[in-house]
Structures are given as structure tokens and as C-alpha cells.
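Q: Got a minute to go through this model with me? Let's start with one helix and work outwards.

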Amino acid sequence: MTTDHATPTWWRHAVIYQVYPRSFADSDGDGIGDLPGALSHLDDLVELGVDAVWFSPFYRSPMADAGYDVSDYRDVDPIFGTLADADALLAAAHGRGLKVIVDLVPNHSSDQHRWFQEALAAGPGSAARARYVFRDGAGDDGAYPPNGWQSVFGGAAWSRVPDGQWYLHLFHPGQPDLNWENPEVRAEFEDILRFWLDRGVDGFRVDVAHGLVKAVGLPDQDAAGGGGPMWDQDGVHEIYRSWRKILDGYPGGRIMVAEAWVSPPERLGRYVRGDEMHQAFNFEFLQAPWDATRQREVIATSLATTAAVGAPTTWVLSNHDVVRHATRLAGPAGAPLHQGIGAADPHPDLALGLRRARAATALMLALPGSAYLYQGEELGLPEDVRLPDEVRQDPTWLRSGHTIRGRDGCRVPLPWVADAPSYGFGPGPSSWLPQPDIWARYALDRQRGVAGSTYELYRRALALRREYGLGTTGLIWLDLGPDVVAFRAGTVLVLANLGTAGVPVPDGVAVVLASGPLADDGTVPTDTTVWAR
Ligand code: NOJ
């Protein structure tokens with residue numbers, strides 16, 4: 001079976017590859033990846049066998065948060081290229097049958113955005129301030145923040161401006177939250193959507209989709225309950241319904257995928273109701289420990305809660321915000337996700353992590369629904385746990401007073417060529433984060449065509465997934481023991497062994513894909529997934 005890119009429902013089972021532009025490929029040698037660099041590697045993504053590419057932000061930005069602080073939503077930052085480069089990339093991707101999803105960052109702009117600069121200049125009570133969340137402070141002279149909200153990156157979620165008012169920033173002070181109660185903000189983003197849809201993008205990954213609307217009166221945390229007064233407010237859904245109408249006016253199946261860290265799963269399901277978004281990242285799955293009972297539970301619950309609203313489930317194991325799964329799955333269950341790992345911390349075993357990551361990916365790629373891959377996971381890249389603290393760039397590190405290392409360890413530029421400067425990331429030796437020596441062994445050119453390599457495992461899994469229509473099928477659970485996750489998906493029997501003892505492949509089927517070597521007696525060893533028919 002082939003993916004029909006013309007069908008409006010392509011996204012229901014697509015495999016979508018996340019490019020984090022600054023770390024993917026650098027064309028000009030400044031050490032920061034860019035759009036021409038990405039274009040030059042599109043053929044590699046076609047070879048890998050993905051259906052679509054999601055690009056993290058490449059818009060104009062002062063880079064307080066690596067581009068998630070946008071100062072112009074309709075232009076490309078010079079470090080990444082030009083608008084013409086974006087158009088060329090889009091055309092080149094489409095020419096190769098790849099769909100393109102871009103990032104949309106509606107919760108906050110940059111503090112360098114024209115609107116925020118106007119708000120600063122215009123003063124309290126102005127229409128310009130009403131595009132953001134400005135308030136007077138608490139206390140007699142307003143010297144205290146309006147409420148006790150904390151920023152995700154550490155410290156108060158409020159900063160004071162020279163005239164004494166405070167503005168809200170759930171993230172960095174350079175990321176002021178927009179006021180989504182203001183019709184002007186809504187109109188502006190509808191226009192931004194059209195700007196990129198008109199250029200031909202196939203969809204949007206919506207940043208902090210659960211954050212746009214805040215509880216009325218901005219109550220303190222303990223007074224509001226649920227996900228907290230800043231998250232997952234019912235009012236966000238009206239925004240996505242209005243966007244859906246816009247997307248539906250374009251041909252070819254344009255989509256939205258929600259980045260919404262909400263629970264329980266029923267709350268996530270609300271983002272993918274028929275008239276809202278198409279997909280929502282399944283972070284419950286991403287966070288599930290490597291334990292068969294828990295994996296079965298999270299898979300079953302996810303499928304049920306999305307099916308209840310007629311949506312598929314959108315699987316994901318890694319992205320630019322979390323410890324890479326080739327490291328995470330060898331660490332302690334429940335270990336912090338976004339905090340990174342420092343050189344002096346205990347380091348999860350590389351081989352164990354990779355074995356589990358390969359098994360987890362083979363499991364994920366057989367599940368009904370769509371799946372996202374994060375650049376470098378097809379190489380088996382681990383988190384860079386030895387990154388020196390002095391080079392860290394994630395604002396979290398500074399904002400937390402050097403207590404939370406943050407996400408740099410999963411953002412280290414990719415190795416393409418083992419024996420080249422910057423491992424082929426760029427033409428010269430520079431890379432915005434230093435690459436560790438072990439990158440050589442993960443380089444694409446060391447893995448391409450090498451039997452048993454992680455890259456060839458991904459390639460084969462994606463080819464078979466397409467051939468057998470995995471992702472499009474239902475799932476029938478099989479009971480092969482408490483430590484085994486086993487099911488039938490269409491004509492394929494999937495068996496993931498999370499226990500310690502080998503598990504025999506059931507009679508009557510032959511293994512077509514194995515995430516690692518089988519035992520001499522043909523059984524499936526620990527931390528291994530097979531597909532059989
Ligand atoms: C989620 C993005 O993925 C992350 O990288 C960013 O820091 C926050 N949203 C704020 O935009």
C-alpha cells in the first residue's frame with residue numbers, strides 16, 4: 001500500500017519527521033543549521049521513508065528561546081535564510097512527495113515584536129497594551145507581581161516595565177503572552193495562518209496549544225484546580241474551531257497538531273474533536289515507563305479516548321524538549337523529562353538505552369495512527385549527557401539559577417559524516433553546541449547500508465509499515481504473557497518483549513522485522529520487538 005498524498009486524510013497514519021532547523025544541517029558554515037541545509041538533505045528523508053516534515057520555528061526571532069520567541073511571523077530569520085529559501089524548501093519537499101508542517105507560536109510573541117514594542121511605548125490602558133496581558137502590580141506601590149504564577153523556565157511569570165506595570169510571560173521574559181480575549185489578536189493569527197497556507201504549507205504544529213486562554217481574573221494556582229489557571233482552559237477550543245474552518249477552505253488536507261501537555265487523556269481528546277485539530281501529540285505515551293503493563297494501558301487508553309472523538313492517535317517518543325528516548329528508556333522510571341542530564345549525574349547505559357529505544361520505536365511504528373520522529377532518532381542518537389555546562393543555551397539553565405540544565409542535550413547538531421568536520425553538519429568545524437566524540441559512530445554514513453544499524457531498522461520499518469498498511473489498521477490484543485506487549489495489526493503480529501526471559505515467536509508466522517538480534521533458539525530476547533506475518 002502506498003500513501004496517497006492527495007487524500008485529505010493523509011495525516012491519519014502519516015509518519016512525520018521533526019526537523020529542528022538549527023541542528024539539522026548548516027549550509028554556510030556559521031555553525032547554525034539553516035533552510036538551504038535542510039533542503040540539501042531532503043533526499044535523505046525520502047530515502048528514510050517519511051511522509052512529511054515538521055519544521056520547528058525558522059521565523060524572525062531574537063532567539064531568547066531558540067526561535068520560539070517570534071518577532072515577525074511572516075518572515076524568516078536571517079540565520080536560517082530568507083522567505084525565498086522557505087518557498088524553495090517547500091517546493092522541493094512537495095516535489096519529492098513530502099508534506100510540510102510549520103510551527104505556529106500563538107501563545108506569546110517575542111518582546112521585540114512590533115506589537116510589544118508599541119505596547120511599551122503606548123503606556124497603561126492603551127489599545128497596544130491590550131494585545132498582551134499587562135496588569136498593575138500587587139502591594140501598595142504595585143511592587144509585587146499581580147499574582148503568584150511561575151514561569152515554566154523558572155522565576156516569576158511576570159516582569160515589570162519602567163512605568164510600573166507588569167506583563168505576563170509563562171515562559172521567558174522575552175516571550176510576552178498574547179491576550180487571546182482581544183479580537184485583534186485572533187484576527188492577526190487567522191491572517192498568519194492564511195499567509196503560510198497561501199504559500200502552500202500542509203499544516204501547523206501549534207505551540208503551547210493548551211495555554212492561550214487564561215482563567216478569568218488570573219486566579220492563583222491553588223484557587224483554580226484542574227490543570228491550573230493558565231493551562232487547558234475550555235476557551236482555547238473556540239480558537240481551534242475557527243482555525244479549522246480556515247484550514248478546511250484549502251485543498252489537500254491541511255492539518256493542525258496540538259502541543260498540549262494536558263491530562264487525563266480525555267482532556268487531550270478534546271483538542272482533536274471533529275471540528276478542531278487533527279492531531280495532538282500523545283505525551284502520555286512518550287512519558288510511559290518501559291514496563292509492559294503500563295505500555296499496554298497507555299496504548300489502550302489513548303486509542304479509546306481518541307476513537308471516542310473520531311480521531312486517530314498521534315504517537316511520539318522524542319522531540320526537542322525532552323531527553324532523547326535512547327537515553328531516557330535506560331534511566332529510572334519517572335525521571336525528569338525536560339531537565340536534561342549533567343556530566344556529573346549518573347549516566348544511563350548507552351547500549352541498554354539504544355536497545356530499548358529501537359524496541360520502543362518498532363512498537364510505536366506498528367500502532368494504529370500517525371507517528372512523529374525527531375531528527376537523529378533514526379541514527380539512534382542518545383542525549384548528549386556530557387555537554388559542558390558553560391556552553392548551554394537553553395534559557396532554563398540561567399533562569400533556574402543553574403539548577404535545571406534544560407534541553408540542550410537533545411539539540412546537539414546531527415552527525416551526517418563520521419570523518420568530516422562537524423561530522424558533516426556543516427562545511428566547516430563549527431556547530432552551535434559542541435558535538436561529542438561518540439557522534440562519529442552514529443553518523444549516517446556509518447549506518448547507511450549496514451545490516452543491523454539503527455538507520456536501516458528505521459528504513460525497513462517505514463517501508464514495511466507502508467507496504468502492510470500499518471498505522472491504518474485496528475489493533476487486536478494478544479496475551480503472550482505479562483511482560484509482553486503483543487497485538488495483531490492487520491496482517492502483522494507485533495510482539496515486544498519487555499521482560500527478562502526470551503519469548504517464542506508464535507507458530508505459523510515468520511519474523512519480518514526485528515529491532516535487535518533474535519536469540520540462537522529463535523526466541524525474542526529482552527527489550528526487543530518483532531513484526532511477524
Ligand atoms: C514548546 C516548545 O516546544 C518549546 O521548545 C518552547 O520552549 C515552549 N513551547 C515555549 O514556546
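Q: How many residues does α16 have, and how far does it reach from first C-alpha to last?
A: α16 has 15 residues and reaches 21 Å. That is close to the 21 Å expected at 1.5 Å a residue. Bear in mind that this is a predicted model.

Q: Which of its residues are buried in α16?
A: T454, Y455, E456, L457 and Y458 are among them. Further along, A461, L462, L464, R465 and Y468 are buried too.

Q: What follows α16?
A: G469, with a positive phi near 70°.

Q: Which helix gives the most to the largest nonpolar core?
A: The largest nonpolar core has 144 residues. Helix α16, residues 454-468, gives the most to this core, with seven residues.

Q: Which residues have the most contacts inside that core?
A: F58, F204, Y240, W243, I299 and W531.

Q: Take W243. What does it touch?
A: Leaving out residues up to four places away in sequence, W243 touches L104, P106, W180, F189, E190, L193, V206, L212 and M256.

Q: What about a second core?
A: A separate one has 13 residues, including A157, W166, M230 and W231.

Q: Switching to pockets. How much space lies in the largest one?
A: About 610 Å³. It is lined by 27 residues, and V152, F153, F171, H338 and R407 are the closest to its centre.

Q: How does that lining divide by class?
A: Nine nonpolar, ten polar and eight charged residues line the largest pocket.

Q: And the second largest pocket, what's its volume?
A: About 260 Å³. Its lining has 20 residues, with Y132, V133, R135, N179 and E181 closest to the centre. By class, eleven are nonpolar, five polar and four charged.

Q: Now backbone oddities. Where is there a cis peptide bond?
A: Between S263 and P264, with omega at about 0°. P264 is in the loop between β10 (255-258) and α8 (265-269).

Q: Why flag that, or a positive phi?
A: Because most peptide bonds are trans, and most residues other than glycine have a negative phi.

Q: Which non-glycine residues have a positive phi, then?
A: M63 is one of them, at about 65°. Y423 is another, at about 50°.

Q: Where is M63, and is it buried or exposed?
A: M63 is in the loop between β3 (59-60) and β4 (72-76). M63 counts as partly exposed because its relative accessibility is 22%, and buried means under 20%.

Q: Same for Y423: where is it, and buried or exposed?
A: Y423 lies in the loop between α13 (395-399) and α14 (439-442). Its relative accessible area is 14%, so Y423 is buried.

Definitions and conventions. Residues are numbered from 1 along each chain as its sequence is written. This is a predicted model: local features need pLDDT of at least 70, side-chain atom pairs count only at pLDDT 80 or more; totals for chains, interfaces and linings use all residues. Side-chain values use heavy atoms; hydrogens and water are left out. On a 1 Å grid over the protein atoms alone, a cavity is a set of points where a 1.4 Å probe fits but cannot get out, and a pocket is an open set with protein on both sides within 12 Å along at least five of seven lines; lining residues have an atom within 4 Å of a point. Grid points are joined across faces, edges and corners, and a volume is the space filled by probe spheres set on the points. Ala, Val, Leu, Ile, Met, Phe, Trp, Tyr, Cys and Pro count as nonpolar, Asp, Glu, Lys and Arg as charged, and the others, Gly among them, as polar. A nonpolar core is a set of buried Ala, Val, Leu, Ile, Met, Phe, Trp, Tyr and Cys residues joined through side-chain atoms within 4.5 Å. Buried means under 20% relative accessible area, exposed over 50%, partly exposed in between (1.4 Å probe, protein chains only). Helices (H or I, at least four residues) and strands (E, at least two) are DSSP runs, numbered from the N terminus. Contact means heavy atoms within 4.5 Å. The expected span of a helix is 1.5 Å times one less than its number of residues.
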